[in-house]
Amino acid sequence: IPCFVIGTDMAFSCQNAEDFVGASSPGDIVIGGLFAVHSEMLHPKEDPIKPVIQNCAGFEIQVFLQTLAMIHAIETINNSTLLSGVTLGYEIYDSCAEVTKAMASALRFLSKYNSSEDAVEFKCNYSDYIPRIKAVIGASYSEVSMAVSRLLALQLIPQVSPASSAEILSDKIRFPSFFRTIPSDFHQTRAMTHLICESGWNWIGVIATDDDNGRFALESFGVQAMANNVCIAFKEMLPAYLSDSTFHSKVDHAVEKIVKETRVNVIVVFMRQFHVLKLFKKAIERNVNKIWIASDNWSAAVKISTIPNIKQLGTIVGFGFKSGDISSFQDFLRNLHQKPTENNKFLSEYITLLSVCAHLEYHDFQTCISNQSQDDLLENIENKHQVWRDDFLNANIEPGFIQSTILAVYAIAHAIKRQCKDRNCKNPSAFAPWELLEELKQVIIIDNDKEFKFNSNGDMSTSYDVLLWKEIDGHMEITTMAEYDEEKGDFIFEDEEKRKYFLDLKKVQSTCSQHCRPGQMKKVTESPHTCCYECVYCPENHYSNQTDMDYCYRCNNKTYWAPINSTTCYRKAIYFLAWNDWFAVFLLLLSAFGIVLVLSICVIFTKNLNTPVVKASGGLTVCYIILFSHFLIFLSTIFFIDVPTDFKCKTRQALFGISFTLCISCILIKSLKILLAFSFDPKLQNFLKCMYKPIPTVVVCTGIQVIICTFWLIFKTPFVNQNFSIPKAIILECNEGSIVAFGIMLGYIAALAFICFIFAFKGRKLPENYNEAKFITFGMLIYFIAWIVFIPVYATTFGKYLPAVEIIVVLISNYGILCCTFLPKCYIIIYKQETNTKSAFLKMVYTYSSKSASSVAVSQVSLDSKSSSVRATTSDSCKTEKNSANGNCRFQVPGQPLIKGKVLPKNAATTMARKRVSSI
């Protein structure tokens with residue numbers, strides 16, 4: 001017993017540099033190890049008066065297992081043919097999670113090989129300098145690794161960490177000799193953010209350790225969260241060292257913050273295991289129930305999962321390093337009690353701890369081990385017997401860290417193998433550490449058919465396991481829920497049952513605002529966080545088809561529309577005057593009736609070809625031309641119905657304009673002919689005789705309209721237009737191309753109709769039964785009224801019934817002219833056949849001519865202001881002087897000179913009748 005006490009005392013008291021080593025073994029090539037086997041270094045209550053490295057407390061089983069994994073890997077390599085007789089040795093140091101003590105260990109690594117003094121030589125060039133170790137495995141924490149790496153970079157000693165994940169360590173300019181067998185925090189924070197986004201959370205809290213590792217992890221996560229619209233409601237930083245006097249108050253403040261933020265149901269934790277242990281114990285006291293997202297530092301920590309009432313905290317989901325086959329290491333642990341402890345102070349301390357805490361239950365036993373300081377062990381060991389618990393170490397294995405530690409050892413071993421291919425590595429000075437560094441960059445390790453190698457940043461691309469803490473039989477079990485694929489950035493589930501666990505997470509709400517449903521969008525409030533917003537409906541013609549959209553999409557083009565609060569766009573209904581529309585059917589029936597009427601009139605006139613009424617109408621040829629033009633006008637209405645096309649748009653106006661012009665031109669000729677036949681004014685007769693050129697007049701009048709339409713179709717042709725004036729519909733209509741051209745066409749027809757109206761109006765009092773003048777006059781009036789009303793109606797109407805307006809005015813004007821021109825004649829032909837004879841016609845003309853001759857004795861007498869009334873009498877009562885030469889007579893008015901007047905020859909009525917019959 002005294003010997004054991006002395007040995008134990010030596011283990012915990014640092015008398016010289018050799019005592020500083022935690023575990024060691026000789027070899028041809030020595031590898032250094034740096035692990036935080038203890039969680040804190042004991043500081044004096046008062047300020048130190050001299051630089052002494054203090055003892056440590058808080059034995060960390062998980063880190064101790066990593067040191068054993070390193071020893072196991074080295075022993076396995078030495079017992080294999082990997083290095084061909086070259087043996088590996090090791091020197092493992094405890095950093096106690098403190099940079100200060102880790103730096104002391106680093107100085108030990110840098111000391112010169114085979115020197116009587118453990119001194120670090122200062123040189124300007126370390127190319128030929130051979131330190132006592134060739135490479136370093138560690139450290140456990142990123143903050144320690146950063147400090148140590150800066151020292152090791154002085155001699156470019158390779159450092160391979162199995163646990164330091166800070167993203168900054170990938171910077172090869174600042175850390176040129178640093179490698180790691182795990183991914184950087186960039187991938188971990190991206191995986192966390194992906195999990196948060198997939199679960200529909202955007203309002204979370206973050207708690208981190210106030211050290212380099214915690215700060216860099218928080219910064220990396222903040223960037224990822226911002227890029228994915230995840231807001232951090234609060235950030236709490238806990239002191240890095242448990243000895244900090246403010247540690248417990250900061251923990252209380254963090255728990256209080258979690259309790260107050262009721263809308264925050266997801267907490268991301270970047271902390272060391274002993275920090276999480278303190279936090280969770282306090283959270284259990286306050287009955288906190290949240291979803292906790294664990295970083296790789298503690299996601300598989302058994303000592304945390306065994307805290308009493310840990311299930312009260314809620315759900316814990318973590319990201320751990322991908323593990324491999326560690327069965328050989330488990331066998332190593334089972335035989336560990338047979339290993340000597342002389343050169344392994346960590347193992348010796350662990351055995352002592354087993355003896356001190358053996359009487360306690362599992363969790364209390366673990367707590368006892370973690371809370372014992374080295375000084376306490378010296379006081380309690382005297383009355384204790386050595387015990388061994390086979391199950392304890394295996395129960396506390398964190399497979400990810402064990403796998404990464406073994407990979408680190410093998411990576412260095414493969415680099416040494418490449419270096420020793422042409423050298424005698426029995427001699428430690430065979431190569432320098434910086435030469436090993438170059439080989440390490442090229443190393444490829446095959447483990448269970450998987451290939452591992454370092455990338456350009458010195459990181460090994462291993463994936464993450466998504467771990468779920470699940471209660472099974474009253475105990476918290478850490479199970480693998482999924483695997484995170486770094487390349488694809490997605491989760492891979494082994495089976496549907498594990499996917500179900502993931503879906504259950506989505507049921508928890510952790511948002512600043514309620515989710516905006518499809519059909520709504522976010523409206524940012526006064527809060528500085530973009531995750532705090534109000535939900536407002538999408539406006540008209542906008543839509544949103546996902547939840548929590550920042551803005552509503554506008555419907556793609558004018559052919560779609562959307563109501564308020566819409567989740568999609570709807571195709572606009574296409575409107576046009578279709579064949580099956582009741583109004584279109586009605587108009588078509590009117591057009592069809594008009595065509596039937598035209599054909600009926602044509603048949604009637606053909607059968608009564610030689611009757612005076614037909615001949616008085618201009619003959620069958622003129623009637624056929626007029627009737628054909630009416631037929632074309634009725635036919636043109638079908639081009640206003642159904643889906644508009646460019647052909648229809650061009651055809652309908654040209655066909656109508658030319659046909660109507662042809663009709664009016666023929667009627668104009670008829671009006672001229674009637675007026676010429678029954679006119680008594682010599683000047684007017686001479687003018688009408690000059691104007692009356694039937695064929696040229698019709699050709700010229702119609703030809704002008706043809707020219708107008710041709711220019712219209714060439715330069716500003718009508719085309720199909722989509723009218724979007726109605727929000728939910730598209731109206732297909734014909735755009736006339738040029739309103740000016742359209743107006744000129746209609747104006748030209750109106751001008752011809754007006755001339756025709758003037759001529760017909762002058763002959764409105766001619767013989768009733770055979771005179772068309774007053775009917776033509778009435779027909780022109782109908783035309784004018786229809787088109788005058790049409791202009792404002794057409795200008796103010798829109799929609800699918802706009803073509804119907806034009807059809808109506810076309811039908812009204814066409815029916816008016818057709819009926820006024822032909823129906824009276826058809827009435828005479830059918831119902832007054834006794835008047836449709838040559839004798840009856842001559843008698844009527846003779847009677848009219850006789851009346852006309854009697855009433856035109858004197859055409860006009862011009863008197864001055866003092867003249868008296870002139871009485872015109874017949875030739876028997878009037879004294880005349882006949883002039884045989886000019887046929888003039890003189891009328892004498894009392895008191896006035898003689899006035900010359902027109903003398904009508906004898907039988908004037910008979911002569912006039914004959915002329916009019918021949919003209920008509």
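**Exercise 1. Place the F491 ring and find its partner.**

Task: Is F491 buried or exposed, and how is its pair with F502 described?

Solution.
- Step 1. F491 has a relative accessible area of 10%, so F491 is buried. Buried means under 20% relative accessible area, exposed over 50%, and partly exposed in between, with a 1.4 Å probe and protein chains only.
- Step 2. F502 is buried too, at 6%.
- Step 3. The F491 and F502 rings form a tilted aromatic pair, with 5.9 Å centre to centre and 50° between the planes. Rings of Phe, Tyr and Trp (its six-membered ring) pair if their centres lie within 6.5 Å; planes under 30 degrees apart count as stacked, over 60 as edge-to-face and the rest as tilted.
- Step 4. F491 lies in strand β18 (residues 490-492) and F502 in helix α17 (residues 496-505), so the pair ties together parts 11 residues apart in sequence. Helices (H or I, at least four residues) and strands (E, at least two) are DSSP runs, numbered from the N terminus.

The model is predicted: local features need pLDDT of at least 70, side-chain atom pairs count only at pLDDT 80 or more, and totals for chains, interfaces and linings use all residues. Residues are numbered from 1 along each chain as its sequence is written, and side-chain values use heavy atoms, with hydrogens and water left out.

**Exercise 2. Survey the aromatic rings.**

Task: How many aromatic pairs does the structure hold, and which residues form one aromatic cluster?

Solution.
- Step 1. The structure holds 37 aromatic pairs.
- Step 2. Y126 and Y129 form an edge-to-face pair, 5.2 Å centre to centre, with 90° between the planes.
- Step 3. Y126 is buried at 9% relative accessible area. Y129 is buried at 2%.
- Step 4. One cluster is made of F656, F660, F754, F757, Y783, F784, W787 and F790.

**Exercise 3. Find charges over rings.**

Task: Which ring face does R272 lie over?

Solution.
- Step 1. Apply the cut-off: NZ of Lys or CZ of Arg within 6 Å of the ring centre and within 35 degrees of the ring normal.
- Step 2. R272 lies over the face of Y141, 4.3 Å from the ring centre.
- Step 3. K172 sits over the face of F179 at 5.6 Å from the ring centre.

**Exercise 4. Check helix α24.**

Task: What span should helix α24 have at 1.5 Å a residue?

Solution.
- Step 1. The expected span is 1.5 Å times one less than the number of residues.
- Step 2. Helix α24 (residues 739-762) has 24 residues, so it should span 34 Å. Its end C-alpha atoms are 34 Å apart, which agrees.
- Step 3. Buried residues in α24 include A741, F742, M745 and L746.
- Step 4. UniProt, in an unreviewed entry, places "transmembrane region" at spans including residues 739-761 and 801-823. Its positions are given in the numbering used here, feature names are shortened, and annotations may be inferred rather than shown by experiment.
- Step 5. Residues 739-761 are 100% helix and 0% strand. Residues 801-823 are 96% helix and 0% strand, with end C-alpha atoms 31 Å apart.

**Exercise 5. Spot unusual backbone.**

Task: Where does N541 lie, and what is its phi?

Solution.
- Step 1. Most residues other than glycine have a negative phi, and most peptide bonds are trans.
- Step 2. N541 lies in the loop between β20 (533-537) and β21 (542-543). Its phi is positive, near 65°.
- Step 3. The peptide bond from G138 to A139 is cis, with omega near 5°.
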